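Thanks, everyone; I would like to walk you through one model this morning, beginning with its aromatic rings and working outwards from there. Please keep the display open while I talk.

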Amino acid sequence: MSKFTHDELTVIGGAYHALLSEPWFNRNAITERELLKLLMSAFREDPVSCEELLARCAGEAERRFGRRR
């Protein structure tokens with residue numbers, strides 16, 4: 001497994017912080033780590049822009065890490 005480049009980490013980090021700031025995100029150490037793993041895995045499968053990564057992962061993130069109502 002190769003390391004991410006600085007530019008790749010910038011894309012992943014942008015998506016990560018955008019999803020963390022969503023009002024539905026149930027923020028704690030475990031969900032934050034699992035979100036990062038989700039984003040890294042999705043990016044590794046198909047490197048895309050931050051916007052595309054958000055579009056690809058937002059639904060899954062909300063399903064897995066959204067606050068229960």
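Let me start with the aromatic pairs: counting rings of Phe, Tyr and Trp (for Trp the six-membered ring) as paired if their centres lie within 6.5 Å, and calling planes under 30 degrees apart stacked, over 60 edge-to-face and the rest tilted, we arrive at three aromatic pairs. In one of them, tryptophan 24 and phenylalanine 25 have ring centres 6.0 Å apart and planes at 55 degrees, so this pair is tilted. In another, the rings of phenylalanine 25 and phenylalanine 65 have centres 5.9 Å apart and planes at 50 degrees, so that pair is tilted as well. Phenylalanine 25 belongs to the loop between α1 and α2, and phenylalanine 65 to helix α3, so the pair ties together parts that are 40 residues apart in sequence. Through ring pairs, Trp24, Phe25 and Phe65 are linked into a cluster.

Before going further, I should say that this is a predicted model, in which local features need pLDDT of at least 70 and side-chain atom pairs count only at pLDDT 80 or more, while totals for chains, interfaces and linings use all residues. Residues are numbered from 1 along each chain as its sequence is written, and side-chain values use heavy atoms, with hydrogens and water left out. Helices (H or I, at least four residues) and strands (E, at least two) are DSSP runs numbered from the N terminus.

How buried or exposed is this cluster? With buried meaning under 20% relative accessible area, exposed over 50%, and partly exposed in between (1.4 Å probe, protein chains only), tryptophan 24 and phenylalanine 25 are both buried. For phenylalanine 25 the relative accessible area is 1%, and for phenylalanine 65, also buried, the value is 5%. Threonine 31, in helix α2 (residues 29-45), is buried at 10% relative accessible area; if we set aside residues up to four places away in sequence, threonine 31 touches Phe25, Asn26 and Phe65, where contact means heavy atoms within 4.5 Å.

That brings me to helix α3, which covers residues 50-65. A straight helix of 16 residues would span 22 Å at 1.5 Å a residue, whereas α3 spans only 19 Å between its end C-alpha atoms; the expected span is 1.5 Å times one less than the number of residues. There is also a kink of about 45 degrees in α3, centred on cysteine 57, the bend at a residue being the angle between axes fitted to the seven residues ending there and the seven starting there. Cys50, Leu53, Cys57, Ala61 and Phe65 are buried in this helix, and the buried residues of α3 pack against α1 and α2. As general background, an α-helix has 3.6 residues a turn, so residues three or four places apart point the same way. Glutamate 62, which also lies in α3, counts as partly exposed at 39% relative accessibility.

Turning to the nonpolar core, by which I mean a set of buried Ala, Val, Leu, Ile, Met, Phe, Trp, Tyr and Cys residues joined through side-chain atoms within 4.5 Å, the largest one has 20 residues, and those with the most contacts inside it are Leu35, Leu39, Leu53 and Ala61. Helices α1 (6-20), α2 and α3 each supply at least two residues of this core, with the largest share, six residues, coming from α1. Leaving aside neighbours within four places in sequence, leucine 53 is in contact with Val11, Ile12, Ala15, Leu39, Ala42, Phe43 and Val48. Alanine 42, in helix α2, is buried at 9% relative accessible area and, with the same neighbours left aside, is in contact with Leu53, Arg56 and Cys57.

Finally, a few places outside the core. Proline 47, in the loop between α2 and α3, is exposed, with a relative accessible area of 51%. The charged end of arginine 44 sits over the ring of phenylalanine 4, 4.2 Å from its centre, a description that requires NZ of Lys or CZ of Arg to be within 6 Å of the ring centre and within 35 degrees of the ring normal.
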